[in-house]
Each structure stands twice: as structure tokens, then as C-alpha cells.
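Biologist: Hey, can you walk me through this one? I'd like to start with where the chains meet.
Modeller: Sure, let's have it up on screen.

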Amino acid sequence: MFRHILGHLTEGPVTEPAPEPGIDALAELGLRVRAAAQARLGRSLSIREVDAGSCNGCELEIHALNNPIYDLDRFGLRFVASPRHADVLLVTGPVTRNMEEALRRTWDATPEPKWVIAAGACAIDGGIFAGSYAVTGGVDAVIPVDLRIPGCPPRPVELLEGLLALLEVSGG
Amino acid sequence: MVMVFSGDQPLHRVLAGLGERVEGHRPFPRFRLHRADWRSMVDELSANRWTLLGLWGEPRTVHVALRADMTGEVAVASMDCTTGGFPSLSTVRPSAIRLERAVQDLYGLVAEGLTDPRPWLDHGTWGTARPLGTAPEPRGTAGQPEPYPVLPVEGHGLHQIPVGPVHAGIIEPGHFRFTANGETVVRLEERLGYVHKGIEGLMAGRPVAEAARLAARISGDSTVAHSLAFARAVEAALGLEPPPRAVWLRALMAELERIANHLGDIGAIANDAAFAFLLAELSQLRERVLRTADACFGHRLMMDRVVPGGVAVDLPEDGARRLLALVDELRRRFPPLVRVYDGKASLQDRTVSTGQVAMGLANRFGAGGFVGRASGRGQDARRSPSYPPYDDLEFEIPVTTEGDVNARVWIRIREVEQSLSLVEQIVKRMPGVPRSQDGSTPLPLAPLPQGSDAGAGEGMALVEGFRGEILTWVRLEPGGTVGRCHPRDPSWFQWPLLEAAIEGNIVADFPLCNKSFNCSYSGHDL
Ligand code: SF4
């Protein structure tokens, strides 16, 4: 194991260069967030992930953001265990009726200022599950959404672009 | 208890004696039973050790799939619920309890004598009660969960810890109610259904191609396996043979999916035992697999690549080279990490003898995958009933009997090795790209009959996903739409065992036990 670690020290990091922020995502968020965020936040953003009925595909790619290749931490973005510590709710899934209340409560528990990202086709408008008796049809049917990241699931790099866009705007 | 290992009666013969065979159900026979015969079948279930493979409803009918593990016989029995109910199997097969609760919630068919009749998927938030039954009933309280009576626990010094549905990590939602005596868990009760999306309802009435996209989103981590189970069930119903190359490409994707998930799981289990090094290393290997999948099939998780009739994409020119390079790289980088796992006393201290599942319990619930194989149950759908191309490939099915977290890690390790060998065999031996006369290379995809050519039929498939055996049952209507589809994720028979595994362990070991099971919430909740 120590030989392994030594190898990493001499070979340099496996981390890849960061992508350019997503232009579309940036535009969508707009100046509204910038003003509020500048006043309140530094560079560091805390993210609380909420699965509101996803197929778990989106979670796999969100997990990948933490692997050493994407290494979310270096952007000053970290996943936190409680909504009370979060600036951002990163929500996946079509918001099932059975998760509607839990999502609303999580949002209520998140202190202001706060942002909501709808990640994945389902979170944006219910996606393939829209119209079912068991889903509400997307995150903004339940709580206000600031940023949408399309994809099924969004690739890690697309998630990163969205998060970076949010960070650059909110961090000023 | 004395286990009787002989004397099981032939499943097909017994069911044929009780009911009448239904035409057009492939490849396993289906029998229609009257109520009294269904009761006799329940009696036979207590006398024979047949495994419950699945139980699902339709507006007026209930179906059960069974297997005689010794002989490999598989069959379906059905009963028309003319009085709105059916005799429950729960007293003879506890694995039926949650499935029957789901049938009650969705279809309103009453499982008579069900040992636990509480609602399961229905939390009271849908605008309709019994949404898929003959008489859906509007409810005024959409969005408002009903209170759920957890099982009473009495005893001196016991306290309860409610957890979820929103958890601390990036995982799916579910509720766990721990009853603990000091640090020791005396009971865990799970409550699931939070991610119920109504997939079975959405599939009904859809064209096959659209239903296939829903099947691919039953459980994202098993998108290939669920797509394959759906495709094979549809092909069975239609009597359609996919092109040989498609069959091999499907197995290739299925093995890549298995490797990627096992690598992620082993790392995550180590991480929950406070050993982050392995997660950091193994998540890089997982990423390598996903990138190779992306380069070869155009999607990191290979979603929508396996479709009824064949596959939606063939390998690019350099696909074989990339895949063999991946196998080489993993064979070089994985074994040193296994040695790290094996050599760390602090890690073994957490995983050995933690979260044990007894073999008898695994058998009683018919648990598959690494949960079953770590507890002595060697069932693997690639072997029995088997499906092509696995009958042409060499691989072993690792089995061990310790039944603890460590055993579930080792089964995964061995399966990664086996799957690497399978990927190599497939890439080297796969049938070549078919060339048509004008030199173009058509996709290995058999066209589905369309419109008036599309006949009706019923099909069932058993496919081995990374978690275990998936059962998918489908009825196609004339014209090429899905009448009813029921996909049964392996998690149905693993979730109940997690409740048993944690008993007597400390609360702090729950994340570790849970990760070693890694049941799907979405695949179960549908
Ligand atoms: S967007 Fe796609 S991957 Fe994400 S939860 Fe929905 S179906 Fe699954």
C-alpha cells in the first residue's frame, strides 16, 4: 500500500483539468443569484444531495464527482450530511408523491440564502415518469428551482459544469 | 430442525395436476388454477422446497412464479380472483409478504390470511387508491402521507432510532426504524416505497420500444440487466431470435456493468469501515470501466443499448482493442488492492463476522446474487436456467458460507475476476460484424413485428444482474403494445435479510452492513 501511495506522489495527480463553465447553465442562473450570493457567501459551497425518486443513475454520476479523477473538493464544493449545513440542494428524480413532503421539509430546513439544482431529465420535468399517478412531475412542482442540468443521467463533467457555473456566479 | 434434502415433487407435474396449462406462455409453462387448487398449491409449497421467484397482480388475476432449485424447473401459476382476493402464500413463504402487500396496494386484490397486511408501497399520498386495479378510488388527500404503524417492540431499556427517508450520504431514500438496547440493535424495521414511480402503470398500454426505455430506468445501476430481462421476455413472447452478435454484445455489456458495480461497492464498503484509500483507488478503476463503456457504446452506464430484438449500437473499430486494454489494466491494478484489503487487520476487524446471514434464511427467501452466494446459495441465472451466450462461456460461480460482510466482499472480488475473464472470452470469440451485400454493416437488431403483424403472447425471462436474479414477465397485446409487465428486482428478497443481518450488531455497523447488501430502492419500489 505504501508503495502505491509513493507511486502517486511521484507520478503526479490523476485529477483532470476542470472544464469550462457551462454557458447555458450560467445564463439560466442569471444575475439574480449573483447579487444574493455575493453578499452572503465565500468561495465555498456546501451541497446537500436529495434523491426525490431517481432511478439511482443520477446518484452514480454524482458519486463519481467525488472520485479522484473529478475531485469536487478542489473547487471548494463539498457534499454535506445535513440540509442545515447546505447552500445548495442538488435534487434528482421526478419527485415521487411519497417523497414530496420529505423534499419540502428538507428545503424548509435549509437556511437562506439557498439554491436548488434540478439534476437530470426526471428532476427537470418528470422525464420519462411524467404523468404517473405516483409522481409530481419535477422539482419545481414542489420547490423553486434555480438551475437545471439536463441529461439522463448528466455526465460528471456536465454536473461539474453546472456546479461551477453556480459557484462562479454565487462566489462573485 | 432437520432439513430434508430429497423428496421434492416435480414442480411441473404437480401444477399440471392442479390446473390447466395456458397456451402461448414462453419459455416456461403457465398454469391456470381455480381457488381450491391454488390452496392445494399453497399446501404443496409447505411440503416442497420450491423457491418463490415472484408474485404479481393484474386487475383480476394473481400470478406466482416458482422454481424447483434442484431440478431447475420453473413455472408460473395464476388464479382469477373472482371474489376480489386470493389465499396468501405468506404463511409458507415469508418472502411473499411484501410482494402481496404491493399487490394489495396497487391492484386492490386481497391476500387472504396475509400475516402482515399493512400497506407497503402506498403511503397514502397518491391521488388514487388501488391505482392499477379494477376500481381505482380517488382520494382527496394527495401529497399527505398517512401515519404508518411500525411494529410494536416491548422490553426493558429499549429505545428507538428513526432514520430517513432522507439519509446523510448520497444514497436513495428509505426509512429505517432501529430498536436498540444500548448500542446493540434488537430489531430493524424497514419502510420502503418512497421512490415508487408507478413504472408498471406507465408501461401498460405503451409500445414495446417505449416500455423498454422505462425498463432501462427501473434501477440505474442495473440498466443493462433490466433492459436485457425485458428484451428477453419480449422476445420469448414473440418467439423472436436476436442476431447472434447481439447476444454476445449484450453479455459484454452485462459483464462490464457487473464489474463497474462491484468495484464501486468494494470501495464503498471499505470506506464505511473508515478505510478511504480503497474507495479512492477503486473508484478510479470504476471510472475506467465507465469510460470504456462510453467509448464503446456511447453511454457510461450503457442505458438504452440493449433493446428488444438485439442491441441499439455496435462496437466501434477500436472497441475490441479498448476492451482488452481495460481487462489488462484491471488485471494489473485490481490484485494489489485486493491484497491491501486482505492484509489490513483494522479493516477485517470491521467486516469479519459482522452482519451475518444464515444459509437457511438465504434459502428460505430465495436470496440471489452476492447476498445468497456469501451464505452458501449458489444460484446464478447465467447457469440455471442459463441463456446464451453463457452456455458457450467458461466461468465459475463463487460461493462461500460465512455469510458476513467480509464474505459478501470476497464474492464480489471473485466475480470481478470471473467477469474480466468473460469480457476477454466474449471479445475474442464474438461472431463478426455482419456485412450486407452493399458492404454496409447493419446493426445486430431483429426488427419487431409492427402493427397488424404483431401478435399477442406472454414471455418471462430470468437474467443475472450484478445484484442477483431479475425476473421479468410480460404480456404483449396484439398490435405490439405491452398489456402488463412486471419486473422483479433481486432486492425484493435481499431487503428482508438485511433486517436479520443487523440483529445483534451495533448500530454503528449498520452503514457497513447496508453497503455490503447494496439493495436497490428504486428497483424494489418501482
Ligand atoms: S434522469 Fe435518467 S438517470 Fe437520472 S434519475 Fe431520471 S431516469 Fe434515472
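Biologist: How many residue pairs are in polar contact between chain B and chain A?
Modeller: The count there is 24 residue pairs, both partners at pLDDT 80 or more. A polar contact is a pair of N or O atoms within 3.5 Å; within protein, one must be able to donate a hydrogen and the other to accept it, and residues adjacent in sequence count only if both atoms are side-chain atoms.
Biologist: Which helices of chain B supply at least two residues each to the side that touches chain A?
Modeller: Those are α4 (199–203), α5 (208–215), α8 (276–297) and α9 (319–343). The largest share, 10 residues, comes from α8(B). Helices here are DSSP runs of H or I with at least four residues, strands are E runs of at least two, and both are numbered from the N terminus.
Biologist: Before I go on, what's the small print?
Modeller: This is a predicted model, where local features need pLDDT of at least 70 and side-chain atom pairs count only at pLDDT 80 or more, while totals for chains, interfaces and linings use all residues. Residues are numbered from 1 along each chain as its sequence is written, chains are lettered from A and ligands numbered from 1 in the order written, and side-chain values use heavy atoms, leaving out hydrogens and water.
Biologist: OK. How many salt bridges does the rule find across the interface?
Modeller: Two, taking a side-chain nitrogen of Lys or Arg within 4 Å of a carboxyl oxygen of Asp or Glu. A:Glu61 forms a salt bridge with B:Arg300, and their closest N and O atoms are 2.5 Å apart.
Biologist: Switching topic: how many aromatic pairs over all chains?
Modeller: There are 13. Rings of Phe, Tyr and Trp (its six-membered ring) pair if their centres lie within 6.5 Å; planes under 30 degrees apart are stacked, over 60 edge-to-face, and the rest tilted.
Biologist: Why is the pair of B:Trp38 and B:Phe86 edge-to-face?
Modeller: Because their planes sit at 80°, with the centres 6.2 Å apart. B:Trp38 is in helix α2 (residues 35–47) and B:Phe86 in strand β7 (residues 85–87), 48 residues apart in chain B.
Biologist: Are those two buried or exposed?
Modeller: B:Trp38 and B:Phe86 are both buried, meaning under 20% relative accessible area (exposed is over 50%, partly exposed in between; 1.4 Å probe, protein chains only).
Biologist: And what about chain A, how many helices and strands?
Modeller: Six helices and five strands.
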